[in-house]
Amino acid sequence: GGGLAEVLGVAGSPGLHEHIMTELRLLLRSAEELEIARALAFSVSPWGWLDRPPAEIAGELGIPPATVDAVLAKAQQIEPAGLLARDLRECLLLQARDRGLLTPAMGCILDHLDMLAAGKLDVLAQLAGTSVDEITAALGQIRSFEPKPGLQFDPVTPVDSEPDLLVHRRAGGWAVELNRSTLPAVQVDRGEGRGQAEIRNAEVLVRAVNRRNETLLRLGGEIVRRQVGWLESGPAALAPMSFASLAAALEIHETTVGRLAAGRMIATPRGTVTLRALCSPGITTRDGSEMSAVALRHRIATLIKQEGPQPLSDAQIVARLEAEGLLVARRTVAKYRAQMGIASAAERAVAAPASRV
């Protein structure tokens, strides 16, 4: 079954994050590229794919999408090939390219995976201008690829950096504080030989760091205030929350929230997660209220875990949710189920009970 990372929508396992960041620090040099890389690393699903569009990351960081795309193209060179792919096709394509197997036949198959699933090898051969035998050979190579390269990493390896914020239960509520061990240390040396301009520049830097820390603490406090339900009851109680609503409450720009939330970690009694993981869009229920997408994922996972010998189809899950007052499209259920790495009903029916979810 899915752990906190899968059900909460946290981007990948800590071991996966640590590996990606270690690789990217060797590959990338500039501070800007590393900031983007960190946001990419924390936007990776447990199986190693990006779980949201690069354009969305660009919007949160307040930079052009092309800048994120350029860093992503570099980042996709890391090992194992297939990490940071945007979808299954790109994951397999990266592996084919890495192995020197990206022939016209291979490219055609990867561009038409739906035809491959339907067994239309003759049609694929026609499209690629090659023989069915060559398509079959390429298919054999694809079967040696790893569609979920992130799953090989240890889910309990510590994250690559300490949390930025700490949450503790206090009498009557919850308290949030900055993790002092992660704060940047800036000291202004007023000794002899220091020019006034140099001292002024250092003082400006100190004020900037203090403002950043103050804003981060305010942001953490607002998030915790809204997510008391999650802290006390778990993922099923995660409230819907957007960067825009946080920005409005704190009277700061939405891109500032995005920059602070990108890769920042918060240690809670329910585990250490990214600030972004606690920001989930809302799904409107029949009575007009909202539940978070994370809570909906959790509900879908729970229904599947409680299913009998006959697995529930996506349509049956939709019907169960509707009976609970949740109006959700079948494609939404299918998408969330896939994001959690849960097989389809047909696949679960033939799988061993211990490995069905």
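1. Start with the salt-bridge network: in this predicted model, Arg52, Glu56 and Glu60 are linked together by salt bridges. For the glutamate 60 to arginine 52 contact, the closest N and O atoms sit 2.6 Å apart. Have a look at where these two lie, since both glutamate 60 and arginine 52 are buried. The structure holds 12 salt bridges.

2. Arginine 86 makes a salt bridge with glutamate 90, with 2.9 Å between the closest N and O atoms. Here the partners part ways on exposure: arginine 86 has a relative accessible area of 40%, so it counts as partly exposed, whereas glutamate 90, at 12%, is buried.

3. Another pair is arginine 89 with aspartate 111, whose closest N and O atoms are 2.8 Å apart. This one links distant parts of the chain, 22 residues apart: arginine 89 belongs to helix 6 (residues 88-98) and aspartate 111 to helix 7 (residues 104-111). Arginine 89 is partly exposed at 34% relative accessible area, and aspartate 111 is partly exposed too, at 46%.

4. On to the sheet. It is open, has 4 strands in the order 2-1-3-4, and its pairing is mixed. Strand 2 (173-178) and strand 4 (271-274) are the edges, each pairing on one side only. On average, neighbouring strands are turned by 25° against each other, direction ignored. Strand 3 (residues 265-268) runs antiparallel to strand 4, joined by 4 bridges; methionine 265 has threonine 274 in strand 4 as its bridge partner.

5. Last, helix 17 (residues 330-339). Thr332, Val333, Ala334, Tyr336 and Arg337 are buried there, and their cover includes strand 5 (282-284), helix 15 (293-305), helix 16 (314-323) and helix 18 (345-350). Just after helix 17, glycine 341 takes a positive phi of about 75°.

Technical notes: Residues are numbered from 1 along each chain as its sequence is written. This is a predicted model: local features need pLDDT of at least 70, side-chain atom pairs count only at pLDDT 80 or more; totals for chains, interfaces and linings use all residues. Side-chain values use heavy atoms; hydrogens and water are left out. Buried means under 20% relative accessible area, exposed over 50%, partly exposed in between (1.4 Å probe, protein chains only). Helices (H or I, at least four residues) and strands (E, at least two) are DSSP runs, numbered from the N terminus. Contact means heavy atoms within 4.5 Å. Two strands pair if DSSP finds at least two bridges between them. Axes are lines fitted to C-alpha atoms, for helices over the stretch in contact, and angles run from 0 to 180 degrees between N-to-C directions. A salt bridge is a side-chain nitrogen of Lys or Arg within 4 Å of a carboxyl oxygen of Asp or Glu.
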